[in-house]
Amino acid sequence: MELVTPALETMGEGEGIRRNSTLICAPIMADTVDQMLILMNSAKSSGADLVEIRLDSLNVFNDREDIQTLVKLSPLPTLFTYRPTWEGGQYDGDEQSRLAALRLAMELGADHIDVELKAVDDFNNLIRGDMPTKCKLIVSSHNYQNTPSVEDLGNLVARIQSTGADIVKFATTAVDITDVARVFQITANSQVPIIAMVMGEKGLMSRVLCPKFGGYLTFGTLEHGKVSAPGQPTIRDLLDLFNFRQLGPDTKVFGIIGKPVGHSKSPMLYNKAFRSVGFNGVYVHLLVDNVKNFLETYSSTDFSGFSCTIPHKENILRCCDEVDPVAKSIGAVNCVIRRQNDGKLYGCNTDYVGAISAIEDCLRGSGVQNGASSSPLAGRLFVVIGAGGAGKALAYGAKEKGARIVIANRTYDRARELADVIGGEALSLADLNTYKPEKNMILANTTSIGMQPNIDDTPIFKDALKSYALVFDAVYTPKITRLLREAGECGALMVSGVEMFIGQAYEQYERFTGLPETGGFKAKCTQRKPGGAASNSYFCIISD
């Protein structure tokens, strides 16, 4: 789907240049007016542009007195919302009283009021066309089931416009991440100010990228988890993680494709790097069910490149127009670039470079070396847990360095299939606990076992780890998994997924930006104490 992006007005801002006019609105939900005032001041200090005062969250509400106080003492422009239960809010009282409170907010100096499409005719009858020029009327519609077709969304916008709305607002629900494209299309082509978003984790992109497509505002919460609608990011994430103020129509979109994906630290890494060198790009989480549908939907060259993680590394290879020979040999792709000249997709694999280099560096650092020019992996027995995309990459990389390969997998047939291709031995995961043919082996977990929230899980018994000289875990949330902790207790060297993450990211950064790694992307990975135990050094440092 080709998305047309309108030009946005550029305005100055305290720190640097603000490239868009899209506002950040902080929802204010509290039991009392005093608590709301505290939150409103927090919203200002956090960087919000206006506050949405949710009257339906108040336990006790004295309409004139409370609204007057909130308008008078608000440090930011205000948006008053009094959401009924039938539209996803908390108010379940008399409808006329609710609408009268919104009219009062309008009369007492509110900058915006939000009235539901289902109630706007009654509201218009109540005010009889007497709308203060200062107050903007937002007419809203919420769909908590799905995202309609482009035609139906267009009709919805027309209906909202016909009510006399100053600003059109609609929110839908993401059943699939491709739903967001339809909302982008409507936003980009709207002739009136519009607030359009897709709720839920799969709709996060709609909230972050609305400046690119001309959205009037997005909502950002003060704290994680305290949201007024599903999928809202925090103000801090919008400003500091996604560089929201700098996004514009020509911003290139990158992201991490996976399922699950919310745990990924990739946006933190890439967005800080982009910002440090002034690269006009943004990197987002992309919760994708079907990679083929995703890539076909977001076919614009504005969607310029993607990292790919579990479980899509093998499927995405078949979606690429051209695949790097190494990635083809591995049978998995973890990086896709959309060529700007023809929109074709080029796939490659940077996983094995980051992981194998980190393992070799750790062995060399501990004094293990098989000669001046050979890899410390040469001749060693290298056990890979997992036969998916990452497992294939690690097995391929270790084999290339001269290691002897063993593949262990829950499903033995998959282990056997990969072992036959690589030229190695196959085991079931259960058999790995008693597999001790020799000492000083290398173990590499490439599965999600032990990843948050299942941090007590491990793919192998602790006693079996005594046969390994080094243990690597591709999981990096948490940084020190149960597998690594128990490996360290058994005296093994440890290499965390952080080190693989940083190593493979170097190459992807260069491919995304066309800039050399030394142009602003520097990382300091986990340091080691004598004996190989990992220290608590900072995850990574990215600087100019």
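Q: What makes the second largest space in this predicted model a cavity, and what is its volume?
A: A cavity is a set of points where a 1.4 Å probe fits but cannot get out. The second largest cavity has a volume of about 150 Å³. It is lined by 16 residues, and Arg 54, His 142, Lys 169, Ser 228 and Ala 229 are the closest to its centre. Strands β4 (50–54), β8 (167–173) and β9 (194–199) each give two or more residues to this lining.

Q: How do you know which classes of residue line the second largest cavity?
A: Asp, Glu, Lys and Arg count as charged, so Arg 54 and Lys 169 of that lining belong to this class. The lining as a whole divides into six nonpolar, four polar and six charged residues.

Q: What is the volume of the largest cavity, and how many cavities of 30 Å³ or more are there?
A: The structure has two cavities of 30 Å³ or more, and the largest holds about 380 Å³ of space. Of its 27 lining residues, Thr 309, Lys 313, Asp 351, Ala 474 and Tyr 476 lie nearest the centre.

Q: Which element supplies the largest share of the lining of the largest cavity?
A: That is α17, with five residues. Helix α10 (266–277), strand β13 (303–308) and helix α17 (497–513) each supply at least two. By class, the lining of this cavity has 12 nonpolar, 13 polar and two charged residues.

Q: Why is helix α13 called oblique to helix α14?
A: The axes of α13 (residues 351–365) and α14 (residues 389–400) cross at roughly 55° and come within 9 Å. An angle under 35 degrees would count as roughly parallel, and 65 to 115 as roughly perpendicular; 55° fits neither, so α13 is oblique to α14. The crossing is right-handed. Among the residues making the contact are Tyr 352 and Ile 356 of α13, and Leu 394 and Gly 397 of α14. The contact has eight nonpolar, one polar and two charged residues.

Q: What makes the bond between Lys 259 and Pro 260 worth a look?
A: Most peptide bonds are trans. The bond joining Lys 259 and Pro 260 is cis, with omega about 5°, and Pro 260 is in the loop between β11 (252–258) and α10. The bond from Thr 477 to Pro 478 is cis too, with omega near 5°. Pro 478 is in the loop between β21 (468–473) and α16 (482–489).

Q: What is notable about phi of Asn 243?
A: Most residues other than glycine have a negative phi. For Asn 243, phi is near 50°, a positive value. Asn 243 is found in the loop between α9 (235–241) and β11.

Technical notes
Residues numbered from 1 in each chain as written. Predicted model: local features only at pLDDT ≥ 70, side-chain atom pairs only at ≥ 80, totals over all residues. Heavy atoms only, no water. Axes fitted to C-alpha atoms, helices over the stretch in contact; angles between N-to-C directions. Helix = DSSP H or I, 4+ residues; strand = E, 2+ residues; numbered from the N terminus. Parallel < 35°, antiparallel > 145°, perpendicular 65-115°, else oblique. Left-handed = near helix turned anticlockwise from the far one by under 90°. Contact = heavy atoms within 4.5 Å. 1 Å grid on protein atoms, 1.4 Å probe; cavity = no way out; pocket = protein on both sides within 12 Å on 5 of 7 lines; lining within 4 Å. Points joined across faces, edges and corners; volume = space filled by probe spheres on them.
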